[in-house]
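This briefing covers the open and enclosed spaces of one structure and two of its residues. The sequence and structure come first, followed by notes grouped by topic.

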Amino acid sequence: MLANPDLQIFPGKGMTCVLDPKRAACRLRSEEDSTRRTPDLDDCRPNCINIARTDRDIEHVLVQIERLRPLVDDPLAPAFRHAREQHELDRLERIVTAHGSTGEPHDGH
């Protein structure tokens, strides 16, 4: 599968991009000496159809969840921070749940 020149896989943080440039939600970069286009992983969009998640990616998401929990549970946190962190925690938990229940991870957006 990796020998297929049409298949472009780009590991990211908590996700893997299986790039189909026609369906990419991010900005695409062109390499200077090539016609090959690559995803801008810093501009990755949660609703992109090219996102896949491996078990390794889910492990990264679980680490993010554990870092967010204390922030969400902080009783002294300003309401806007609590709401923002709770929203992100909910999103990450949906990713883990979808990955575990279907084997086909998605963001839920």
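In this predicted model, 17 residues line the largest pocket, and those nearest its centre are Lys 13, Met 15, Cys 44, Gln 64 and Arg 91. The whole structure also holds 1 cavity of 30 Å³ or more. Two buried residues are then described: Asp 43, at 12% relative accessibility, and Leu 19, at 6%.

**Largest pocket**

- The volume of the largest pocket is about 320 Å³.
- Two helices, helix 1 (55-73) and helix 2 (79-102), each contribute at least two residues to the lining of this pocket.
- By class, the lining of the largest pocket comprises 8 nonpolar, 5 charged and 4 polar residues.

**Largest cavity**

- The largest cavity encloses about 60 Å³ of space.
- Its lining is formed by Met 15, Cys 17, Cys 26, Pro 39, Asp 40, Leu 41, Cys 44, Arg 45, Cys 48, Asn 50 and Ile 51.
- Of the residues lining the largest cavity, 8 are nonpolar, 2 are charged and 1 is polar.
- Met 15 and Cys 44 belong to the cavity lining and are also among the residues nearest the centre of the largest pocket.

**Asp 43**

- Asp 43 sits in the loop that runs between strand 4 (37-39) and strand 5 (51-52).
- Asp 43 is classed as buried because its relative accessibility, 12%, is under the 20% cut-off.
- The side chain of Asp 43 makes a polar contact of 3.1 Å with the side chain of Arg 45, and Arg 45 is one of the residues lining the largest cavity.
- With neighbours within four places in sequence left aside, Asp 43 is in contact with Cys 26 and Arg 27; of these, Cys 26 lines the largest cavity.

**Leu 19**

- Leu 19 belongs to strand 2 (residues 16-19).
- A relative accessible area of 6% is under 20%, so Leu 19 counts as buried.
- Leaving out neighbours within four places in sequence, the contacts of Leu 19 are Gln 8, Phe 10, Ala 24, Leu 28, Arg 37, Thr 38, Pro 39 and Asn 50.
- Asn 50 lies 31 residues from Leu 19 along the chain, and the C-alpha atoms of the two are 5.6 Å apart.
- Pro 39 and Asn 50, both contacts of Leu 19, are included in the lining of the largest cavity.

Notes:
Residues are numbered from 1 along each chain as its sequence is written. This is a predicted model: local features need pLDDT of at least 70, side-chain atom pairs count only at pLDDT 80 or more; totals for chains, interfaces and linings use all residues. Side-chain values use heavy atoms; hydrogens and water are left out. Helices (H or I, at least four residues) and strands (E, at least two) are DSSP runs, numbered from the N terminus. Buried means under 20% relative accessible area, exposed over 50%, partly exposed in between (1.4 Å probe, protein chains only). A polar contact is a pair of N or O atoms within 3.5 Å; within protein, one must be able to donate a hydrogen and the other to accept it, and residues adjacent in sequence count only if both atoms are side-chain atoms. Contact means heavy atoms within 4.5 Å. On a 1 Å grid over the protein atoms alone, a cavity is a set of points where a 1.4 Å probe fits but cannot get out, and a pocket is an open set with protein on both sides within 12 Å along at least five of seven lines; lining residues have an atom within 4 Å of a point. Grid points are joined across faces, edges and corners, and a volume is the space filled by probe spheres set on the points. Ala, Val, Leu, Ile, Met, Phe, Trp, Tyr, Cys and Pro count as nonpolar, Asp, Glu, Lys and Arg as charged, and the others, Gly among them, as polar.
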